[in-house]
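Biologist: Please take a close look at the aromatic ring pairs in this model. Start from the rings, then work outwards through whatever surrounds them.

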Amino acid sequence: MARTVGMILCGGFGKRLKPLTDKIPKPLIEIKKGYTILDKQLFDFKSADINKVYLLTGFLSEKIEERYGNEYKGLKIEYVKEDEPLGTLNAIRLGMEAIDDDKQCVIRNGDVVADLNLKKMVRLGEKSNYPLLIFIIKMRSPYGIVEISGDKITDFKEKPLLDYYINAGVYFAKEPIDFGDFETGDIEKTVFPMMAKENKLGFYKEDGLFWMAIDTSKELEEIRKEYKNRTDKPWGYEKILINTEKYLTKELFIKEDYRTSFHYHKKKDETMYIIKGSGYIQFEDKKEYFSKNDTIRIKPKTPHSIVAMENTLLQEVSTPHPKDTIRIKDFYERW
């Protein structure tokens, strides 16, 4: 099996986020206090067991190097700087030249925040007949939709998902990319259409995931709202929805084939409602399987781990003890 490295496009000017991007590159914009877009992407790579990342830099490269250095929280970092901006094609070409031919890579746009399962994408990409996979998602309408029947309006839908897929800005290459005769420009408008015509382009998709490309102040405002009470975990994320003196409600998203730590609570009495997905609760002496719409209660002092057999979203309602967690065993490194 070839070694997999990460590659992140970090060289853009972020013109539509000015004046914020006059002094910092877009990937260093904070989505919550002390946590940048690039932090999230590096966290995703580490959680997928990818331990070396090439940052394809350009504009304000020194700011990125100053923050991350050559090693960041166990990740080895290398920089490939584009002296003159010639588009994503040239940046990726320089990145490909910097890695060995026996390495496959995951390439990410530097302004995308997404909860996709990179480990699964790599696994499926290695088995694929295509040299390159593109992560795709359903397009969300930027406007509300009006439904009609005959001469009347029957309903309104606020920004629904459409029956079209878009390029979501994450790619898996299991071999060096053939750039053909193209030297500059955007790879999405040059090499990818050529590869599609030659039947060399596959796709990877996970429906229902959080995904956002941060390109405008409105999108930045939306992502900061999403992260106001959210904490990313190696297995997904948890988000506090309600926290009162009487009860605590959290949303947990656990990626397929991932699991929470094996832990217990001294006082917290929790009930979990499975919104979607399937998996099981691993107790000390048994497994309790769950699927959509199941409800599971976990009493205090009960060691357990939640294991997802597919992407799982659940709501956890408990007594108000948000910090009452005793970890017996962790399965991933914590940042």
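Modeller: In this predicted model, the count comes to 8 aromatic pairs, where rings of Phe, Tyr and Trp (its six-membered ring) pair if their centres lie within 6.5 Å, with planes under 30 degrees apart called stacked, over 60 edge-to-face and the rest tilted. One of them joins F135 and Y204: the ring centres are 6.1 Å apart and the planes stand at 45°, so this pair is tilted. F135 belongs to strand 9 (residues 132-140) and Y204 to strand 13 (residues 201-205), so the contact ties together parts that are 69 residues apart in sequence. Strands (E, at least two residues) and helices (H or I, at least four) are DSSP runs, numbered from the N terminus. Both partners are buried (under 20% relative accessible area with a 1.4 Å probe, protein chains only; exposed is over 50%, partly exposed in between). The relative accessible area of F135 is 0%, and that of Y204 is 4%.

As for the conventions, residues are numbered from 1 along each chain as its sequence is written. Local features need pLDDT of at least 70 and side-chain atom pairs pLDDT 80 or more, while totals for chains, interfaces and linings use all residues, and side-chain values use heavy atoms, leaving out hydrogens and water.

The two strands that carry this ring pair are also joined through their backbones. Strand 9 and strand 13 run parallel and share 5 bridges, where strands pair if DSSP finds at least two bridges between them. L132 has L201 of strand 13 as its bridge partner. Strand 9 also pairs with strand 12 (residues 161-173), here in the antiparallel sense and over 7 bridges. K138 stands opposite Y165 in strand 12.

Aromatic rings also meet charged groups in this model. A charge sits over a ring if NZ of Lys or CZ of Arg is within 6 Å of the ring centre and within 35 degrees of the ring normal. R259 places its charged end over the ring of F331, 4.2 Å from the centre. K287 does likewise with Y280, at 4.6 Å from the ring centre.

Next comes the sheet with strand order 21-20-23, which is open, has 3 strands and pairs in the antiparallel sense. Strand 21 (287-291) and strand 23 (305-308) are at its edges with a single partner strand each, so one side of each has no neighbour in the sheet. Neighbouring strands are turned against each other by 25° on average, direction ignored; the axes are lines fitted to C-alpha atoms, for helices over the stretch in contact, and angles run from 0 to 180 degrees between N-to-C directions. Strand 20 (residues 278-282) and strand 23 are antiparallel and joined by 4 bridges, with G279 bridging to A308 in strand 23.

UniProt, in an unreviewed entry, places the feature "domain: Cupin type-2" at residues 260-310; its positions are given in the numbering used here, feature names are shortened, and annotations may be inferred rather than shown by experiment. Residues 260-310 are 55% strand and 0% helix, and the end C-alpha atoms of the span lie 14 Å apart.

Parallel pairing also appears at strand 4 (residues 52-57). Of its 6 residues 5 are buried, so strand 4 is largely enclosed by the rest of the structure. Strand 1 (residues 3-9) pairs with strand 4 in the parallel sense over 4 bridges, and M7 has Y54 as its bridge partner there. Strand 6 (residues 75-81) is joined to strand 4 by 6 bridges, again running parallel; V53 stands opposite I77 in strand 6. V5 is placed in strand 1 and is buried at 3% relative accessibility. The C-alpha atoms of V5 and E97 are separated by 13 Å, at 92 residues apart along the chain.

Helix 1 (residues 37-47) is mostly covered, with 11 of its 11 residues buried. Among them are the charged-type positions D39, K40, D44 and K46. After helix 1 comes D49, whose phi is positive, near 65°.

Last, the cysteines: the count of disulfides (pairs of cysteine sulfur atoms within 2.5 Å) is 0. C10 is in no disulfide, and the nearest cysteine sulfur, that of C105, is 14 Å away. C10 is buried, with a relative accessible area of 1%; C105 is buried, also at 1%.
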